[in-house]
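Work through the exercises below with the model open. Each task is followed by its solution.

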Amino acid sequence: LKGPKMLTKDHSPNFPLEHATKDMSLAVDMADSAKVKYSVTKCAEEQFKRARDDDELKIEKEDFSAVFEYVHKESSSEFSETRKIG
């Protein structure tokens, strides 16, 4: 569903990153309160926050799929390097 749009850097907001980050934070807080280990969600929340707060990308209002751009920005893979140029 989002894959083809992500490949063309189309992150028109259906569910903005800023809202997805808020919801992930709520889920992590609830898990902490219930003493449930949610380590994968906690890691994803941290990644979403870094992406949301990235001053260079400015993607907080874009669809949450824009986290993909942050992943590429931080990656040194050949695909990511090519994507940064394109």
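**Exercise 1. List the residues of the largest nonpolar core and find which helices supply them.**

The largest nonpolar core has 9 residues: Leu17, Ala20, Met24, Phe48, Ala51, Ile59, Ala66, Val67 and Tyr70. At least two residues each come from helix 2 (17-33), helix 3 (39-53) and helix 4 (67-74). Helix 2 gives the most, with 3 residues. Such a core joins buried Ala, Val, Leu, Ile, Met, Phe, Trp, Tyr and Cys residues through side-chain atoms within 4.5 Å. Buried means under 20% relative accessible area, exposed over 50%, partly exposed in between (1.4 Å probe, protein chains only). Helices are DSSP runs (H or I, at least four residues), numbered from the N terminus.

This is a predicted model: local features need pLDDT of at least 70, side-chain atom pairs pLDDT 80 or more, while totals for chains, interfaces and linings use all residues. Residues are numbered from 1 along each chain as its sequence is written, and side-chain values use heavy atoms, without hydrogens and water.

**Exercise 2. Compare the span of helix 3 with its expected value, then place its buried residues.**

At 1.5 Å a residue (times one less than the number of residues), the 15 residues of helix 3 should span 21 Å; the end C-alpha atoms are 21 Å apart, which agrees. Next, Glu45, Phe48 and Ala51 are buried in helix 3. They cover an arc of only 130° around the axis, so they sit on the same side of helix 3. The arc uses directions from the helix axis to the C-beta atoms. Their cover includes helix 2 and helix 4.

How values were computed:
Contact means heavy atoms within 4.5 Å.
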